[in-house]
Amino acid sequence: MRFIKIIAILLFLLLLGFVGYTLVSTGFFRSIEPKFDGKILKKIPLKGAEDISISSMDEFALISSTNRGGFPAPKESVKSI
């Protein structure tokens, strides 16, 4: 019984080490510093920016946005049989 406990504890520690290594190596605990080195040409208040594509060669961004609050889903009618 004692041998099984030792093996279970070792497996648990091995699993815990693997999970910890994976989290650290993928940068899960890394802090992100806010910085911006460019300049803002025009600031537009957008509601619901969904997709942003940045062209680094031409130095501009395309933003797709939809005000989902302004387009509610149509009500469905339920017919009972």
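**Helix, loops and surface of a predicted model**

Reader: In this predicted model, which backbone oxygen does the side chain of T26 reach at 2.9 Å?

Author: The side chain of T26 makes its approach at 2.9 Å, and its partner is a backbone oxygen. T26 itself is found in the loop between α1 and β1 (49–55), and at 57% relative accessibility it is exposed, because the cut-off for that word is over 50%. The backbone oxygen reached by the T26 side chain belongs to T22.

Reader: What is the phi of G27, which follows α1?

Author: The residue G27 comes after helix α1, and its phi has a positive sign. The value lies near 85°.

Reader: In what order do the elements of the protein chain run from the N terminus on?

Author: The protein chain holds one helix and two strands. The helix, α1, takes in residues 2–25, and E59 is found in the loop between β1 and β2 (60–65). Read from the N terminus on, the order is α-β-β.

Reader: How far apart are the end C-alpha atoms of α1, and what span should its 24 residues have?

Author: With 1.5 Å allowed for each residue, the 24 residues of α1 should span 34 Å. The separation of the end C-alpha atoms agrees with this expectation, and its value is 34 Å.

Reader: Does α1 lie largely in the open or is it buried, and how many of its 24 residues are buried?

Author: Helix α1 lies largely in the open, because a count of buried residues among its 24 finds none. In the protein chain of 81 residues, buried residues make up 1%. For α1, the number buried is zero.

Reader: Which residues make the nonpolar surface patch of about 600 Å²?

Author: The protein chain exposes about 8800 Å², with carbon and sulfur atoms supplying 65% of it. One of the patch residues is L10, which has its place in helix α1 and is exposed, because its relative accessible area of 52% is over the 50% cut-off. The patch is made by I6, I9, L10, F12, L13 and L16.

Reader: How is the pair formed by the rings of F28 and F29 classed, given the angle of their planes?

Author: A search of the whole structure finds one aromatic pair. The rings of F28 and F29 have centres 5.1 Å apart and planes at 90°, and both residues are exposed. Because planes over 60 degrees apart fall in that class, the pair is edge-to-face.

Reader: What distance separates the C-alpha atoms of E59 and G38?

Author: E59 is exposed, with a relative accessible area of 69%. Along the chain, E59 and G38 are 21 residues apart, while their C-alpha atoms are separated by 9.9 Å.

Conventions. Residues numbered from 1 in each chain as written. Predicted model: local features only at pLDDT ≥ 70, side-chain atom pairs only at ≥ 80, totals over all residues. Heavy atoms only, no water. Helix = DSSP H or I, 4+ residues; strand = E, 2+ residues; numbered from the N terminus. Buried < 20%, exposed > 50% of the residue type's maximum accessible area, 1.4 Å probe, protein only. Areas by Shrake-Rupley, 256 points an atom, 1.4 Å probe, with all protein chains shown as cover. Patch = residues over 30% accessible without salt bridge, like charges linked within 9 Å, V, L, I, M, F, W, Y side chains within 5 Å. Salt bridge = Lys/Arg side-chain N within 4 Å of Asp/Glu carboxyl O. Phe/Tyr/Trp six-rings, centres within 6.5 Å; stacked < 30°, edge-to-face > 60°. Expected span 1.5 Å × (residues − 1). Polar contact = N/O pair within 3.5 Å; in protein donor to acceptor, adjacent residues only side chain to side chain.
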